[in-house]
Amino acid sequence: RSARAVRVIRLLRLLKLQKMLNKIYDFIDSEYLFIVMDILRLLLFIIVLNHVIACLWYLVGYIGYDEGQLNWLQHTGYRTNDSVDGYEQVIKGKVPWQYLTALHWSLTQFTPAGMDVFARNVGERIMSVIVLGFAVIIFSSVLASVSASMTALRNLQGDTKKQFWLLRRYLRKKKVTVPSRVRIIKFLEHVTMLQAKTVKIGDVKLLKRLSKPLEELLSYEIHKETVMTYPFLRYVGGVLQSVLVKLCSTAVKQVQFALQDCIFRAGDLGEYMHFVCSGQVRYAWPGSQTPEELKEGTWLAEPCLWTQWSHCGVCVVSAQPTLLLLLSPKGFADVMRLSQCSYILCRRFAFNFVSLMNTTPGSAQSDLPWDAEEIREITN
């Protein structure tokens, strides 16, 4: 009897399932999949709970049997031709039959269904009352949670379909041409798919409770890998990390572009330095016969940080909807003025950068990235 009690206590190890589920949730990027997993978690909870109750119900019945009391194990069974009296008791049946009978009883406590197993002694009656009261609370709570999750799942699917239906109706009513309509719809389909896989900062309400320094630190962690592809900013991050933290939180923003969108044209005033976060852009300028294809990890229009700059060529999105990180020259200058060290560093770098740029013929100048070794040499 003690050994059986120890086995029941071992079931407490099932509490580790919550830690396992939390680890699984960390790998889920889709809101749709998260809701499905939440429903599966509730169903798993019901299954495990009924398994535990079934084991306890069998234990209570076996204790009554061991003590010679009336019990459900001896007064429940099934008809068979193998036994002498044509009736096989649960206590004498095989383990799968014993387990399924106990599990069946456990499940009936959570639903209006019934069965031929019921309490035969005081201990079994006490457990029946406790389980029944417990089941009323738990089952109603779980049922409400599953219903809420299913409603959220339907709303998640239905809202997107409705929005695209309204979009097509709007474009048709406004007599938008078919090529433009196709571009708009494809771009929005791509953005919607990306948003389903990513989490926007506005969706995480807890982030609004962060202190100002922690908000700046979070922005730095998000953007540092992109901005530090530029050698000068990598150097600043190494010697003056607090300045780069401030820069990532106040002077940069991410912008999504669609296929064939024009990012800037020749002659436009340089308002941002552009970092390619994802996708691909094509840059064409008079100094080259073939356009340049720029992918993730590259940048454009760095001179606008150091001098008055007008773009020398045309930049368009060439392969797929592209995400760019834009660094504002004004925001860059404001942050660099906050520290005397960063201000002096920028003045010296700007002087050397502009001096080197002035030695380059006008026909050879472009918005393309400067050679990384030249930037490192100027920085040093």
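Q260 is exposed in this predicted model, with a relative accessible area of 53%, and because the cut-off for an exposed residue is anything over 50%, Q260 falls on the exposed side of that boundary. Its place in the chain is the loop between β3 (252–257) and β4 (262–264), and its backbone has a further feature, a positive phi of about 75 degrees, although Q260 is not a glycine. A301 also has a positive phi, here near 60 degrees, and this residue too is something other than glycine. A301 sits in the loop between β8 (299–300) and β9 (314–317), and its relative accessibility is 0%, so A301 counts as buried.

From these two loop residues we can turn to the chain as a whole. It has 380 residues, of which 36% are buried, and it contains 12 helices and 10 strands. If one takes the contacts in the chain with a separation of 6 or more, 72% of them are accounted for by residues that are 24 or more positions apart.

Where do the buried residues of a single helix lie? Helix α10, which covers residues 329–336, has P329, G331, F332, V335 and M336 as buried residues. When α10 is seen down its axis, these buried residues fall within an arc of 165 degrees, so they line one face of the helix. The partners against which the buried residues of α10 pack are the helices α8 (231–239), α9 (241–250) and α11 (340–358), together with the strand β10 (322–327).

Some of these partners also meet one another, and α8 is a good place to begin. The axes of α8 and α11 come within 12 Å and cross at roughly 160 degrees, which means that α8 is roughly antiparallel to α11. The crossing in which α8 passes α11 is right-handed. On the side of α8 the contact is made by F232, Y235 and V236, while α11 contributes L345, C346 and F349; sorted by class, this contact has 6 nonpolar residues, with no polar and no charged ones.

The axes of α8 and α9, for their part, come within 5 Å and cross at roughly 125 degrees, and therefore α8 is oblique to α9. In this pair, L233, V236, G237 and V239 of α8 meet Q241, V243, L244 and L247 of α9, and the residues of the contact divide into 6 nonpolar, 2 polar and no charged. V236 thus appears in the contact of α8 with α11 as well as in the contact of α8 with α9.

Following α11 onward leads to helix α12, which is made of residues 372–379. These two helices pack at an angle of about 135 degrees, with their axes 9 Å apart, so α11 is oblique to α12, and α11 passes α12 in a right-handed crossing. Which residues of α11 and α12 meet? From α11 they are F349, N352, F353 and L356, and from α12 they are E374, I375, I378 and T379. By class, the residues of this contact divide into 5 nonpolar, 2 polar and 1 charged. F349 of α11 therefore links two parts of this description, since it takes part in the contact with α8 and also in the contact with α12.

Conventions. Residues numbered from 1 in each chain as written. Predicted model: local features only at pLDDT ≥ 70, side-chain atom pairs only at ≥ 80, totals over all residues. Heavy atoms only, no water. Buried < 20%, exposed > 50% of the residue type's maximum accessible area, 1.4 Å probe, protein only. Helix = DSSP H or I, 4+ residues; strand = E, 2+ residues; numbered from the N terminus. Arc of directions from axis to C-beta. Contact = heavy atoms within 4.5 Å. Axes fitted to C-alpha atoms, helices over the stretch in contact; angles between N-to-C directions. Parallel < 35°, antiparallel > 145°, perpendicular 65-115°, else oblique. Left-handed = near helix turned anticlockwise from the far one by under 90°. Nonpolar A, V, L, I, M, F, W, Y, C, P; charged D, E, K, R; others polar.
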